[in-house]
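Me: I am new to reading structures and would like a careful look at a single part of one. Could you choose the aromatic rings as the starting point, and then follow them outwards to whatever they lead to?

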Amino acid sequence: MAMSAPRTLFEKVWDDHVVADLGDGFSLLHVDRHLLHDGAGPGLARVKDRGYTIARPDLTFATADHVISTARGRPPTSQSRTRALTALRDGTADAGIPMFDIGSGAQGIVHVIGPELGLTFPGALVVCADSHTCTHGALGAIGFGIGASELEHVLATQTIVQQRRRIMRISYRGECSPGVSAKDIILATVGAIGTAGGSGYAIEYAGAPIRRLEIEERLTLCNLSIELGAKIGMIAPDEKTFAYLEGRRFMPAGKAWDAAVAFWSNLCSDDGAVFDREETIDLSDLSPQVTYGTSPAQTIGIGGVIPRPNDIEDAKARAAIEAALSYMGLEGGEPILGVPVDWVFIGSCTNGRLSDLRIAAAVAKGRHVATHVNAWVVPGSETVQRAAEAEGLDTIFKAAGFAWREPGCSMCLAANGEVVPPGARCISTSNRNFVGRQGQGARTHLASPASAAAAAIAGYIVDHRTLDA
Amino acid sequence: MPQPFTTIRSIALPLMRDNIDTDLIIRVERLFGAVPRDELGQYAFEAIRKRADGSLDPDCALNDERYFGANILLAGKNFGCGSAREGAVWAIAGMGIRAILAPSFGDIFVTNCYQNSLLPVVLPQARVDAMAASASGLPGAHEIVVDLESQTVIGSDGVVDSFSIPALRRRALLDGLEDIALTLKRADEIAAFHEHDARARPWAYPKRM
Ligand code: SF4
């Protein structure tokens, strides 16, 4: 065989999944893992109604996260949500699809439980009818969100028709100062590249600062790839990845594990591999980020000043900022520090993992939530919940006045009815601050777990690095 | 079965804001089984259509009767960014829109469009702006023609623009092809892939729990 040309990580994983070349850059790809959440019930039913069978129930896994209550006892919140959950339970039972249901010990947000159970792994092709499926790329997988029709196609065929992406490498350099997290890095990246900057691309995050990140931090980083407009974001697997995955429930053991690691060790971009676009971001001067607007790109450092619309020349951009500030109830030219908050949400597939909760608990320990603030901690999964309780994080949170909830998506999307009230201001560790995202009229500031916990204590947006006792 | 896609001749509804995300297109409360998919049209763009007090915003093009009945939507950059919710496409299709002309689209949204015979057409910003400017005239006089067969858009000013849709998607739209049936014609190739792959990457195939 001729020497093969240098390839990127994305190309290697893509090539491993091509069942057929459909021309024009399209391929029919094998799907390693199809993850279902509680919106998948109708799709399961439709596949059956259309006369197809579920091709590979053994490669399909379900959980409930979006519509379920995160209150203790999981009370039903509406008929349609109960119907959605029932449809998922019935559909998966009928097809023989494993479901990690409430109380199973493994239920959780689909992008939290995938890596955590070892369902997703380096070199895997992972799809889910949810745009934050890019999260799984942190392990060196190609993960992307699909629509409801594609979901039916995957159920019926275990394949998906996709057009190859262009490839962008974002290389980081410099050393983050203490207290600056993966969330801050990726918010700043979205701020720099824009919410459409990654459209049409698969992104590879690279550089020494990425190597230094722990796996849970990498998951946070890749989670916001879609906020760059890129449906795929990846990090080459390394020793940390293998150490993270070893022994997890769906991972192989013994010789099979060794073979897997040997295979995965080749999953990196070769020297000389060609990227369609390269960006470099220096992290040396980065400070904790907080968003001020209604797009994740509208982010500033914690010591920064909200942009003045009048300083913006382009009329359309000016109008967009004006609309965002008006929705957010903020004035251009004012510092973001000191903006009072009413709600605090710590959780989601961005920042609902054990390491996130440890960071928030370290801030909360021995302090108390400001009297006017409602602060929630929602673990990303039952596994996270159990681990956090085992080390007493729940006790710290409760003593500090935080509500300790059951696992689920909760206020990230408010699809379960857990909303931030109209006009109320929430600092949130989730990934979207869109108009109405956390409830109609709700005002969302995206930030890291440390920043959110600190704001809960202070009652206003504050630099967590200088929080008073 | 999808309906074969035909030429569209229609007035156009201008919604030129950039970055209209899927949360703005359809609120999450309407999804997860709350509203049947073929009734979502009435809830499209609620967050844009209505003011904070719930009343209709008279300045919003969606409430302007000059554009009622439009089958073409003119939009700003990065239209449909955000979530994977196909309900966003069902809602727009439910309004009677059959083609969206914009400078750029969200990636997952585009795929969802193809699955529902809604045509996402990428045109230069200046052309979409020009069409939006002339769209505000009287209905009839400002029709736009979108022809998928020739991949052209004829503006009401008579200017012809070409666009490009991947051949595979174009054929599927024009012929009204059903994608699962198409893929299952390759059942042998899929089975052969699985057989080979299960040997090459055994860890990718978990044992039953
Ligand atoms: S936590 Fe939020 S972003 Fe993540 S899957 Fe749930 S709703 Fe989507």
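Reply: What follows begins with the aromatic rings and then moves on to a helix and to the place where the chains meet.

Please keep in mind that this is a predicted model, and that every value below is computed from it. A pair of aromatic rings is described by the distance of the centres and the angle of the planes. Over all chains, the count comes to 16 aromatic pairs. One of them is formed by A:Phe100 and A:Phe250, whose ring centres are 6.2 Å apart and whose planes stand at 80°, and because an angle over 60 degrees counts as edge-to-face, that is the name this pair receives. The pair links distant parts of the chain, since A:Phe100 belongs to strand β5 (residues 99-100) of chain A, while A:Phe250 lies in the loop between α9 (239-245) and α10 (254-264) of chain A, 150 residues apart. Both A:Phe100 and A:Phe250 are buried.

A further pair joins A:Phe397 and A:Phe402, with ring centres 5.4 Å apart and planes at 70°, so this pair is edge-to-face as well. A:Phe397 has a relative accessibility of 0% and therefore counts as buried, and A:Phe402, at 3%, counts as buried too. Ring pairs can also connect into a group, as they do where A:Phe121, A:Phe242, A:Trp257, A:Phe263, A:Trp264 and B:Trp203 are linked into a cluster.

Rings take part in another kind of arrangement, in which a charge sits over the face. In chain A, A:Arg405 lies over the face of A:Trp376, at 3.7 Å from the ring centre, and in chain B the charged end of B:Arg98 sits over the ring of B:Phe5, 5.3 Å from its centre.

A:Arg405 leads on to A:Gln385, a residue of helix α14 (residues 382-390) of chain A. Leaving aside neighbours within four places in sequence, A:Gln385 is in contact with A:Arg405, and also with A:Pro379, A:Trp404, A:Glu406 and A:Pro407. Its relative accessibility is 10%, so A:Gln385 counts as buried.

The theme of burial continues in helix α16 (residues 449-458) of chain A, where nine of the ten residues are buried, so the helix is largely enclosed by the rest of the structure. Among these buried residues are A:Pro449, A:Ser451 and A:Ile457. The elements that cover them include β15 (343-346), α12 (348-351), α13 (354-364), β16 (374-377) and β18 (425-428) of chain A. After α16(A) comes A:Gly459, whose phi is positive, near 90°.

Finally, the ring cluster contains residues of chain A together with B:Trp203 of chain B, which brings us to the interface of these chains. There, 52 residues of chain B are in contact with 75 residues of chain A, and the two chains bury about 5,000 Å² between them, 60% of it on carbon and sulfur atoms. Six salt bridges are found across this interface, including one in which the side chains of B:Glu178 and A:Arg50 meet at 2.1 Å, N to O. There are also 22 residue pairs in polar contact across the interface, with both residues at pLDDT 80 or more. On the side of chain B that touches chain A, the elements giving two or more residues are α1 (22-25), α4 (107-114), α6 (167-175), α7 (179-184) and α8 (187-200) of chain B. It is α8(B) that gives the most to this side, with six residues.

Terms used
Residues numbered from 1 in each chain as written. Chains lettered and ligands numbered in written order. Heavy atoms only, no water. Phe/Tyr/Trp six-rings, centres within 6.5 Å; stacked < 30°, edge-to-face > 60°. Helix = DSSP H or I, 4+ residues; strand = E, 2+ residues; numbered from the N terminus. Buried < 20%, exposed > 50% of the residue type's maximum accessible area, 1.4 Å probe, protein only. Lys NZ or Arg CZ within 6 Å of the ring centre and 35° of its normal. Contact = heavy atoms within 4.5 Å. Buried area = accessible area lost by both parts, 1.4 Å probe. Salt bridge = Lys/Arg side-chain N within 4 Å of Asp/Glu carboxyl O. Polar contact = N/O pair within 3.5 Å; in protein donor to acceptor, adjacent residues only side chain to side chain.
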